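Trainee: I would like a close look at the salt bridges in this protein, please. Could you walk me through them slowly, and then show me the pockets as well?

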Amino acid sequence: MPDSPHTVSDVMTHTVVAVGRDAPFKEIVELFDQWKVSALPVLEGEGRVIGVVSEADLLHKEEFRDADEQSGELADRIKAGAVTAGELMSAPAVTVHADATLAEAARIMARRHVKRLPVVDGVGLLQGVVSRGDLLKVFLRSDEEIAEEIRSSVLGRLPVTGPLTVAVAEGVVTLAGSLPERGLEPVLARAVRAVEGVVDVRLDLTHR
């Protein structure tokens, strides 16, 4: 993985399993089992993402197997009778662009309650898939990598006149030294926290 990945393109999976609108129910279940995924993009034409079919979409068939015809939400009952990806899928698909930041992708997942996002280009063609696990890859960076980036990319760009020391242990950054004014503390902490792989920031600073 490259140093400090800042965009989805750095961590996404490029080889993606997808289905067409007419893919049958059983084939979708078999793909879930074969590829150990919980959702698949549904494609049309040359690869445009038109929806996503998930395990939750398919489970309605089991949920309503012995239920009364009037029970549950109408949309769920309709999906319970669906037999193809086009009938089962959630549309429009919740997607993300490859140049989106990891923070943006994480916010989309949290707000839309999804575990995986199809990655699309400007016209909606599938480029890859990014998962929650992919976003967490940044925390696999070594402490040494994180410390070096903070020294070169953060401290070198801030108006810090005195020497500051950087120590990183299990992703937790400790900055020690002297700042010309207290008002720089939140600026410094925010800049360090933005470095990929940082778990937390602790300041041990004095002020002249």
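Mentor: Gladly! Please keep in mind that this is a predicted model. Let me set the scene before we turn to the charged pairs. The protein chain has eight helices and nine strands. Of its 208 residues, 40% count as buried. Among contacts between residues at least 6 apart in sequence, 56% join residues at least 24 apart. The accessible surface of the chain is about 11900 Å², and 52% of that belongs to carbon and sulfur atoms.

Now to the part you asked about. Side chains of opposite charge can pair when their charged atoms come close. Five salt bridges are found in the structure. Let us start with Arg21 and Glu44, whose closest N and O atoms are 2.9 Å apart. Arg21 sits in the loop between β1 (19-20) and α1 (25-35), while Glu44 belongs to strand β2 (residues 39-44), so this bridge ties together parts that are 23 residues apart in sequence. As for their surroundings, Arg21 is partly exposed at a relative accessible area of 36%, and Glu44, at 30%, is partly exposed too. The pair also has company: a network of salt bridges links Arg21, Glu44 and Arg48.

Next, look at Lys36 and Asp33, whose side chains form a salt bridge with an N to O distance of 3.7 Å. Here Lys36 is exposed, with 66% relative accessible area, and Asp33 counts as exposed at 51%. The value for Asp33 deserves a second glance, because exposed means over 50%.

A bridge with another setting joins Asp134 and Lys137, at 3.1 Å from N to O. Asp134 has a relative accessibility of 7% and counts as buried, whereas Lys137, at 32%, is partly exposed. When you turn the model, then, follow this bridge from the buried Asp134 to the partly exposed Lys137.

With the charged pairs in view, let us move on to the pockets. The largest has a volume of about 440 Å³. Its lining is made of 18 residues, and those nearest the centre are Ala39, Val52, Ser54, His113 and Val114. Three elements, β3 (48-54), α2 (55-63) and β5 (116-120), each supply at least two residues of that lining. Sorted by class, the lining has nine nonpolar, four polar and five charged residues.

The second largest pocket holds about 320 Å³ of space. It is lined by 17 residues, and Leu102, Ala103, Val138, Phe139 and Glu196 are the closest to its centre. Two or more lining residues come from each of α5 (102-112) and α6 (132-135). Of the elements, α5 gives the most to this lining, with four residues. The residues around this second pocket divide into 11 nonpolar, three polar and three charged.

To retrace the route on your screen, begin at the network of Arg21, Glu44 and Arg48, and go on to the exposed Lys36 with its partner Asp33. From there, visit Asp134 and Lys137, and finish in the second largest pocket, where Phe139 is among the residues closest to the centre.

Notes:
Residues numbered from 1 in each chain as written. Predicted model: local features only at pLDDT ≥ 70, side-chain atom pairs only at ≥ 80, totals over all residues. Heavy atoms only, no water. Buried < 20%, exposed > 50% of the residue type's maximum accessible area, 1.4 Å probe, protein only. Contact = heavy atoms within 4.5 Å. Areas by Shrake-Rupley, 256 points an atom, 1.4 Å probe, with all protein chains shown as cover. Salt bridge = Lys/Arg side-chain N within 4 Å of Asp/Glu carboxyl O. 1 Å grid on protein atoms, 1.4 Å probe; cavity = no way out; pocket = protein on both sides within 12 Å on 5 of 7 lines; lining within 4 Å. Points joined across faces, edges and corners; volume = space filled by probe spheres on them. Nonpolar A, V, L, I, M, F, W, Y, C, P; charged D, E, K, R; others polar.
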